[in-house]
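Student: Please take a close look at one part of this model and follow it through its pairing, its packing and its surroundings. A connected account would be preferred to a list.

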Amino acid sequence: MKNKKKKIVVIGPVYPYKGGISHYTGAMVKSLKKDFDVETVSYKMQYPKLLFKNEQKDFDNDLFKIPETQFLINTANPLNWIISAYKIKKMHPDRIIVQWWHPYFSPCYTALSLMLRKIPKIFVCHNVFPHERFPMDRFLTKLVLKRGAAYITHSEKDAADLKQVTKSPVYETTVLPVHNAFKIQNMSKEQAKREAGAAPEKKMLLFFGFIRDYKGLRHIISAMPEIVKYDPNIELWVVGEFRNDKDSYLEQIKKCGVSGNIRLVDGYIPDSGIEKYFAAADIVVLPYESATQSGIVQIAYGFEKPVIATRVGGLPEVVLDGKTGYIVPPKDHHALAEAVCRFFREEKAEEFTENVRREAYRYSWDRMNEVVQRLTEKTGAHER
């Protein structure tokens with residue numbers, strides 16, 4: 001007789017909520033179902049509109065949809081937390097897995113943890129501390145994470161941060177699994193270029209995602225004059241949503257004299273629109289000034305694309321220098337330019353793509369299942 005599968009409740013954003021953590025949670029749930037009995041709990045209300053004015057949901061692509069999800073939690077309503085905890089308790093989970101990435105959730109998650117204190121909780125720490133630090137963030141983070149029985153981190157930086165807020169944590173550090181669900185049509189590069197509106201003879205660098213200062217877009221813009229001097233057929237595509245600082249980037253592009261080699265696709269890209277940009281790209285660039293890790297690398301690898309990234313946070317742990325891309329110093333546009341030129345000069349595309357394929361298991365969800373299995377076993381003797 002087979003052993004009964006352990007029951008896990010996964011708490012976090014899932015479709016139709018937007019963003020990388022929503023994609024991650026949906027993919028994690030689908031993978032865990034192979035080895036566990038899984039229930040998914042998401043938010044009735046994730047962020048108040050006062051704090052997050054942009055649209056929080058995207059109904060365009062339901063590849064990450066978890067049909068049986070219970071949208072229970074209102075993160076700003078203490079009465080709701082009591083009701084949600086009661087409903088989660090009635091699911092009789094052996095473990096609870098919680099997605100953690102910002103101290104905003106601290107009051108809600110602290111209350112849920114206290115009411116569900118007899119059930120061991122595994123926190124998936126996408127960021128132990130937020131990218132943009134603020135007063136009290138350490139206190140709010142510690143308030144929640146000290147209640148965990150075990151933890152998953154995706155970079156050594158996050159593992160070190162975790163040790164600042166909880167004593168002798170039971171944890172494993174593993175790379176972010178690859179997101180390949182965006183490869184919907186399996187486009188060729190030629191087809192993708194037509195769909196994106198890129199000229200077939202152009203070589204394409206891709207900077208993708210929400211535009212934030214710490215992501216270092218200004219540095220790759222500053223690198224473009226050197227890159228264009230090497231090869232005027234190289235274009236930088238900046239695909240993502242600006243906030244209120246787009247004009248300053250446009251001014252920088254104008255001053256650098258590279259307006260003809262930079263294409264801006266300003267706005268949120270729905271899941272169904274991601275494929276054409278990654279499939280069309282020759283290489284993906286992440287010139288970040290700071291980071292723990294980035295889901296953009298995993299999307300790039302899902303399309304078997306190499307990556308140029310900076311030596312910050314966990315990026316050197318996933319971008320293998322000289323094998324699956326290049327690692328360069330942060331805030332160094334000359335080094336960025338040299339890496340781009342070297343990639344095309346030495347014709348590294350085929351070699352790097354093959355190396356990305358060889359690393360497939362390291363970035364697989366099956367490997368993540370093994371991590372969760374080990375942590376559920378370790379927390380069996382640490383019921384809290």
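Tutor: Two strands are taken to pair if DSSP finds at least two bridges between them; strands (E, at least two residues) and helices (H or I, at least four) are DSSP runs numbered from the N terminus. The model is predicted, so local features need pLDDT of at least 70 and side-chain atom pairs pLDDT 80 or more, while totals for chains, interfaces and linings use all residues. Residues are numbered from 1 along each chain as its sequence is written, and side-chain values use heavy atoms, without hydrogens and water.

The open sheet consists of seven strands in the order 3-2-1-4-5-6-7, with parallel pairing. Its edges are strand 3 (70–74) and strand 7 (171–173); each has a single partner strand, so one side of each has no neighbour in the sheet. On average, neighbouring strands are turned by 25 degrees against each other, direction ignored (axes are lines fitted to C-alpha atoms, for helices over the stretch in contact, and angles run from 0 to 180 degrees between N-to-C directions). At one edge, strand 7 pairs with strand 6 (residues 150–153) in the parallel sense over three bridges, and Tyr171 of strand 7 is the bridge partner of Tyr151. Helix 14 (residues 365–378) lies across strands 1, 4, 5, 6 and 7, at about 160 degrees to strand 6.

Beyond the sheet, helix 10 (residues 295–302) deserves attention. Seven of its eight residues are buried (under 20% relative accessible area; exposed is over 50%, partly exposed in between, with a 1.4 Å probe and protein chains only), among them Ile296, Val297 and Tyr301. Their cover includes strand 8 (203–208), helix 9 (275–280), strand 11 (283–286) and helix 13 (349–358). Five of the six residues of strand 8 are themselves buried, so that strand is largely enclosed by the rest of the structure. Strand 8 also pairs with strand 9 (residues 234–240) in the parallel sense over six bridges, with Met204 opposite Glu235 in strand 9.

The flanks of helix 10 complete the picture. Just after the helix, Glu304 takes a positive phi of about 60 degrees. Ser294 lies in the loop between strand 11 and helix 10 and, at 6% relative accessibility, counts as buried. Apart from neighbours within four places in sequence, Ser294 is in contact (heavy atoms within 4.5 Å) with Leu176, Leu286, Tyr288 and Leu315. Ser294 and His126 are 168 residues apart in sequence, yet 9.1 Å apart in space, C-alpha to C-alpha.
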